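Trainee: I should like to learn how to read the features of a structural model. May we go through one together?

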Amino acid sequence: MALFRKRSKTTGDKALQEAVAPEPTISEPQKTVTPEPQAPAAEATVAPDENIEPAKPEGIFVSVVIPVYNSMPYLTELLNSLELQDLDKSLYEVIAVNDGSTDFGGEILDVYAKRNENFTVVHQENSGWPGKPRNVGTALAKGEYVFYADSDDTLGTEALRRMRDFALEHDVDVLAPKLVPVGGRVIRTSLFSSTQVDVPLESIFATLMPQKLIRRQMILDNDLRFAEEKVRLEDGMVLAGCYLHAKRVSVLADYEYYYIRERGDGNNISAQPFEPHGYVQSMTHISNTIRDNTKDDPELGRRLIAGLFKRKGLKFFVGERFLKYRDARAKLWMTAFGPYVQEFLSERTNEVLNDQDTAKANAIIAGDHDELKRLAALDEQVAVRPELTKSANKSDHFELQFVVPTLGPTPRAVYVDERETDRRLEFPVTEQGAGKYVALLPYAALSAQSLAITDVHVKYDHAETRRVRVPANVKETSFAGVRVYRTVNGALSIDLRKAKWA
């Protein structure tokens with residue numbers, strides 16, 4: 001299945017536009033912004049001063065590309081949020097591609113284009129998937145960056161200006177702004193807990209959604225086009241390429257940049273049914289992209305592929321979801337993933353997956369449906385959060401004793417995270433027996449940071465951190481103004497605001 005349509009690297013934007021067929025119809029008059037002509041550069045007569053900062057780019061900075069299909073009434077909220085951006089209108093353009101909508105969204109787009117010179121609307125026949133509209137919009141874009149928005153979401157009114165300032169200051173290739181879920185949408189919000197100028201690949205691969213600020217030339221230079229067929233993970237195929245080709249990927253979390261919606265009518269693409277073999281084909285494409293671009297660090301590639309499999313593959317084999325499948329459906333997923341797991345995760349699997357997930361990977365390779373059902377039945381037990389059994393103050397440290405499921409991932413450390421900042425302390429743990437662990441928190445380490453209220457999590461190999469829970473019968477500990485206590489939600493926290501260390 002052809003997932004990307006290739007073009008020559010030497011022909012630039014023109015070839016990319018010519019690759020789109022049939023020819024779309026652009027609303028008349030076409031709304032675009034042309035940068036003001038610049039004076040020719042004077043001939044250099046002296047050697048350049050390396051200490052002089054390069055001039056900031058002028059003209060259109062970002063092209064907001066929106067695929068639109070039957071998204072009323074949400075569409076007007078998005079268009080209003082773009083119309084009200086506090087970035088100068090000469091610095092951004094909006095390109096909305098109406099993919100054959102049958103509601104009155106096309107007419108609404110034309111209204112906004114007539115009253116905003118930086119709005120362009122393209123009307124085309126329905127392609128059935130967001131990939132083609134995004135490719136059309138990218139081909140028309142003039143900005144240094146593109147930002148892919150969905151027509152049922154909204155942006156904060158300061159979003160484009162703030163993203164521009166940050167991207168220019170740090171020379172970012174891909175910028176992931178803070179996403180805020182609305183309408184019951186569930187996303188991984190931990191990534192957006194703090195701003196990071198340089199995000200590790202293993203962290204940023206946790207989000208493969210397209211709502212990112214991406215340097216347009218990087219997209220063109222590396223032939224990164226969205227799949228135009230009805231395939232899953234078409235966003236991930238492009239984003240994986242962007243991350244791997246980028247020199248700098250950042251997260252910006254100082255503002256509520258983008259409100260991502262769960263539609264009440266259930267018409268989000270993510271709500272559509274999965275086709276196992278096509279889905280695995282997309283997984284294979286992303287994994288090949290990772291492997292091809294990490295040849296100088298194959299161990300990083302293995303970890304990225306393992307993380308992709310944990311988030312996007314193993315979810316079909318987890319707990320009640322897998323157990324509720326009819327046998328034919330469950331075996332279809334197992335058969336589809338068998339060759340994938342054999343190719344990418346059959347060797348040294350326990351180095352990149354925890355014991356439970358390694359057992360599932362082996363059962364998928366073996367085609368053992370009964371073993372997969374047995375493992376799925378254990379998932380609820382494996383997912384139990386670590387539980388504090390005792391806290392105590394000693395001569396120079398706090399001692400935290402906790403238990404974890406013996407079938408679950410192995411604890412490696414305890415994190416003490418300040419609630420209102422991104423400051424984090426890490427302390428090692430020692431195993432005391434099957435499923436029993438202890439962590440020692442030295443007073444000196446706690447006092448050196450002047451922390452306030454902190455939350456306690458357990459760090460694992462090959463698994464997400466988990467907040468420590470506290471049963472109601474476990475007593476809190478106090479010492480020198482410090483409280484180790486149970487929150488109203490039953491979680492472990494340490495209040496250091498009134499600490500009086502000797």
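**Reading helix packing, burial and backbone geometry**

Mentor: Let us begin with a pair of helices in this predicted model. Helix α9 (residues 276-292) packs against helix α10 (residues 298-313) at an angle of about 160°, and their axes are 9 Å apart.

Trainee: How are two packed helices described?

Mentor: In general, the description of two packed helices consists of the angle between their axes and the distance between those axes. An angle over 145 degrees counts as roughly antiparallel. With its angle of about 160°, α9 is therefore roughly antiparallel to α10. The crossing in which α9 passes α10 is right-handed.

Trainee: Which residues of α9 and α10 meet?

Mentor: From α9 the residues are Tyr 279, Met 283, Ile 286, Ser 287, Ile 290 and Arg 291; in α10 they meet Gly 301, Leu 304, Ile 305, Leu 308, Phe 309, Lys 312 and Gly 313. By class, the residues of this contact of α9 with α10 are eight nonpolar, three polar and two charged.

Trainee: At what angle do the axes of α9 and α12 cross?

Mentor: The axes of α9 and α12 cross at roughly 15° and come within 9 Å. Angles under 35 degrees count as roughly parallel, and α9 and α12 are therefore roughly parallel to each other. Here too the handedness can be stated: α9 passes α12 in a right-handed crossing. On the α9 side, the contact includes Pro 276, His 277, Val 280 and Asn 288, and on the α12 side it includes Arg 329, Trp 333, Tyr 340 and Phe 344. The residues of the contact of α9 with α12 divide into ten nonpolar, five polar and three charged.

Trainee: Ser 282 also lies in helix α9. Is Ser 282 buried or exposed?

Mentor: Ser 282 has a relative accessible area of 0%, so it is buried. Apart from neighbours within four places in sequence, Ser 282 is in contact with Val 231, Arg 232, Leu 233 and Met 237.

Trainee: How may burial be read for a whole helix, for example α2?

Mentor: One looks at each residue of the helix in turn. Seven of the ten residues of helix α2 (residues 74-83) are buried, so the helix is largely enclosed by the rest of the structure. The buried residues are Tyr 74, Leu 75, Leu 78, Leu 79, Ser 81, Leu 82 and Glu 83.

Trainee: What covers the buried residues of α2?

Mentor: The covering elements include the strands β2 (62-68), β3 (92-99), β4 (119-124), β6 (154-155) and β11 (258-261), together with helix α3 (105-115). As for the packing of α2 and α3, their axes come within 11 Å and cross at roughly 15°. The two helices are therefore roughly parallel to each other. Their contact is made by Leu 75, Thr 76, Leu 79, Asn 80 and Glu 83 of α2 with Gly 105, Ile 108, Leu 109, Tyr 112 and Arg 115 of α3. Five nonpolar, three polar and two charged residues make up the contact of α2 with α3.

Trainee: What should one look for in the backbone?

Mentor: As a general guide, most peptide bonds are trans, and most residues other than glycine have a negative phi. In this model, a cis peptide bond with omega about 5° joins Met 72 and Pro 73. Pro 73 lies in the loop between β2 and α2.

Trainee: Where do the residues with positive phi, Asp 223 and Arg 348, lie?

Mentor: Asp 223, whose phi is near 55°, lies in the loop between α7 (216-221) and α8 (234-245). Arg 348, with phi of about 50°, lies in the loop between α12 (327-345) and α13 (355-366). Asp 223 counts as buried at 8% relative accessibility, whereas Arg 348 is partly exposed, with a relative accessible area of 40%.

Trainee: How does one read a polar side chain such as that of Thr 477?

Mentor: Consider its setting, its burial and its partners. Thr 477 is found in strand β19 (residues 477-479) and is buried, with a relative accessible area of 7%. Its side chain makes a polar contact of 2.6 Å with the side chain of Ser 391. Beyond four places in sequence, Thr 477 touches residues including Ala 392, Asn 393, Phe 398 and Val 482.

Trainee: And what describes the chain as a whole?

Mentor: The chain has 15 helices and 21 strands. Buried residues make up 52% of its 502 residues. Among contacts between residues at least 6 apart in sequence, 77% join residues at least 24 apart.

Key. Residues numbered from 1 in each chain as written. Predicted model: local features only at pLDDT ≥ 70, side-chain atom pairs only at ≥ 80, totals over all residues. Heavy atoms only, no water. Buried < 20%, exposed > 50% of the residue type's maximum accessible area, 1.4 Å probe, protein only. Helix = DSSP H or I, 4+ residues; strand = E, 2+ residues; numbered from the N terminus. Contact = heavy atoms within 4.5 Å. Polar contact = N/O pair within 3.5 Å; in protein donor to acceptor, adjacent residues only side chain to side chain. Axes fitted to C-alpha atoms, helices over the stretch in contact; angles between N-to-C directions. Parallel < 35°, antiparallel > 145°, perpendicular 65-115°, else oblique. Left-handed = near helix turned anticlockwise from the far one by under 90°. Nonpolar A, V, L, I, M, F, W, Y, C, P; charged D, E, K, R; others polar.
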